Amino acid sequence: MLKLKKFLNENKVAIIVFSILLFIVMYSCFKYIRNDIKVREGREERITYCKSDEVKESEKLSCEQYMEAIANEEIKTEFYSMFGDILVFDIHYLNFIAFLVVIIPSLYCVSNYLYNRVITNCLTRQSYKSFIKDFIKRAYKYYFILPVIMGVLILICLFYSEIDPAYSLSNNYSIWQTNLIFKPVLFVFLYLINITIYSLSYVNISLIVLRKQQNIIKAIILSILVFVGIEVFLEIVVNGLIFGLVFKSEVGNIFNIMNLLIFNINYGVGKLLIFTISFFLLTFILVLILYKNKEKLIIDCEKNN
């Protein structure tokens with residue numbers, strides 16, 4: 001009981017965030033399923049009515065047109081269309097708060113080491129190199145929140161729907177117009193890997209800010225500003241000017257750190273993953289550089305009241 005209480009206390013912020021996200025995703029799934037069932041029931045009721053003897057004379061023509069329209073139409077609840085619809089129409093706003101979902105539990109976990117100068121006590125028992133290694137590991141502790149939540153969404157979609165990429169492509173129901181969707185296992189694997197890398201990159205951004213601003217509230221606010229600033233730079237300079245005006249290419253659309261849930265692979269999954277991995281490595285190298293000097297870090301920590 002004591003161990004459970006300690007676990008809940010140490011991870012309370014992450015648990016709250018995870019629970020809220022899980023509720024949102026499950027509610028969105030069940031809302032989609034409920035609407036899908038209603039559409040199917042409405043279709044069946046319409047067919048039954050049109051085939052019955054109760055059809056009014058004024059409605060016979062519309063019934064004939066309706067029956068003719070659906071004669072060769074196959075209705076399916078397909079995985080990619082269901083998954084895409086939920087992402088685009090029900091939980092699209094999570095793209096904008098995903099950054100906070102990742103960094104708040106992370107900063108809550110590690111900011112105390114710097115703001116309250118816990119680092120000085122730690123360094124009496126271990127080397128600075130070991131401390132930084134443990135510090136970064138602790139910051140990465142909750143990287144799994146978004147991948148697990150999206151994994152739950154994918155599982156619900158897989159259980160309720162059927163996988164038929166040809167159906168989605170032929171009817172333009174899927175937001176992913178690429179051959180990768182014919183390999184659902186690989187698609188899901190790469191989707192979750194991509195979100196995991198994004199999550200780690202978000203943590204890196206927060207650690208970069210935390211190096212100079214150890215107060216958790218200020219660090220969160222500044223991290224948001226840095227995050228938005230990077231996105232604006234990528235949208236205007238990289239996508240708009242470099243790729244749009246200079247190269248006349250739409251590939252620059254993949255240079256986006258605020259739309260991770262959509263998995264924009266229509267310009268090539270390789271290109272997207274190269275950008276995602278490169279962004280992670282760049283931010284990780286910046287973290288290592290900023291935390292390299294022990295003396296400067298301790299001096300900055302000692303300035304906290």
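# Reading loops, packing and empty space

Guide: Arginine 117 sits in the loop between α5 and α6 (118-122), and since this is a predicted model, what follows describes computed values.

Visitor: What is the phi of arginine 117 near, and how exposed is the residue?

Guide: Phi of arginine 117 is near 60 degrees, which is a positive value in a residue other than glycine. Arginine 117 counts as partly exposed because its relative accessibility is 31%, and that class lies between the cut-offs of 20% and 50%.

Visitor: Where does phenylalanine 263 lie, and is phenylalanine 263 buried or exposed?

Guide: Phenylalanine 263 lies in the loop between α11 (216-246) and α12, and its phi is likewise near 60 degrees, a positive value in a residue other than glycine. With a relative accessible area of 1%, phenylalanine 263 is buried.

Visitor: Where is the place of glutamate 78, and which residues is glutamate 78 in contact with once its neighbours within four places in sequence are left aside?

Guide: Glutamate 78 is found in the loop between α3 (60-70) and α4 (79-90), and because its relative accessibility is 0%, glutamate 78 counts as buried. Leaving aside its neighbours within four places in sequence, glutamate 78 is in contact with Ser161, Glu162, Ile163, Asp164, Pro165, Tyr167 and Ser168.

Visitor: Turning to helix α4, which residues does leucine 87 touch, not counting those up to four places away in sequence?

Guide: Leucine 87, whose place is in helix α4, counts as buried because its relative accessibility is 1%. Not counting residues up to four places away in sequence, leucine 87 touches His92, Met150, Leu153, Trp176, Tyr191, Leu261 and Ile262. As for a separation along the chain and in space, leucine 87 and isoleucine 254 are 167 residues apart in sequence and 17 Å apart in space, taken from C-alpha to C-alpha.

Visitor: How is empty space shown, and how many cavities of 30 Å³ or more does the structure hold?

Guide: The general idea is that rolling a probe the size of a water molecule over the atoms shows where empty space is left. In this model there is one cavity of 30 Å³ or more, and the largest cavity has a volume of about 40 Å³. The lining of the largest cavity is made by Leu21, Leu94, Ala98, Leu146, Ile149, Met150 and Leu261. Two elements, α5 (94-115) and α8 (145-160), give two or more residues to that lining, and the largest share, three residues, comes from α8. Met150 and Leu261, which belong to the lining of this cavity, are also among the residues that leucine 87 touches.

Visitor: What lines the second largest pocket, and which helix gives the most to the lining?

Guide: The second largest pocket holds about 170 Å³ of space, and its lining consists of Tyr128, Lys129, Ile132, Lys133, Ile136, Lys137, Leu288, Tyr291 and Lys292. Helix α7 (residues 128-139) gives the most to this lining, with six residues.

Visitor: Which residues make the nonpolar surface patch, and how exposed is isoleucine 285?

Guide: The nonpolar surface patch, of about 600 Å², is made by Ile277, Leu281, Leu282, Ile285, Leu286, Ile289 and Leu290. Isoleucine 285, one of these residues, lies in helix α12 (residues 269-290) and counts as partly exposed because its relative accessibility is 45%. A patch residue must have over 30% relative accessible area, a cut-off that a partly exposed residue such as isoleucine 285, at 45%, can meet.

Key: Residues are numbered from 1 along each chain as its sequence is written. This is a predicted model: local features need pLDDT of at least 70, side-chain atom pairs count only at pLDDT 80 or more; totals for chains, interfaces and linings use all residues. Side-chain values use heavy atoms; hydrogens and water are left out. Patches are made of residues with over 30% relative accessible area and no salt bridge: like charges are joined within 9 Å, nonpolar side chains (Val, Leu, Ile, Met, Phe, Trp, Tyr) within 5 Å. Accessible areas come from the Shrake-Rupley method with a 1.4 Å probe; for residues, only the protein chains shown count as cover. A salt bridge is a side-chain nitrogen of Lys or Arg within 4 Å of a carboxyl oxygen of Asp or Glu. Helices (H or I, at least four residues) and strands (E, at least two) are DSSP runs, numbered from the N terminus. Buried means under 20% relative accessible area, exposed over 50%, partly exposed in between (1.4 Å probe, protein chains only). Contact means heavy atoms within 4.5 Å. On a 1 Å grid over the protein atoms alone, a cavity is a set of points where a 1.4 Å probe fits but cannot get out, and a pocket is an open set with protein on both sides within 12 Å along at least five of seven lines; lining residues have an atom within 4 Å of a point. Grid points are joined across faces, edges and corners, and a volume is the space filled by probe spheres set on the points.
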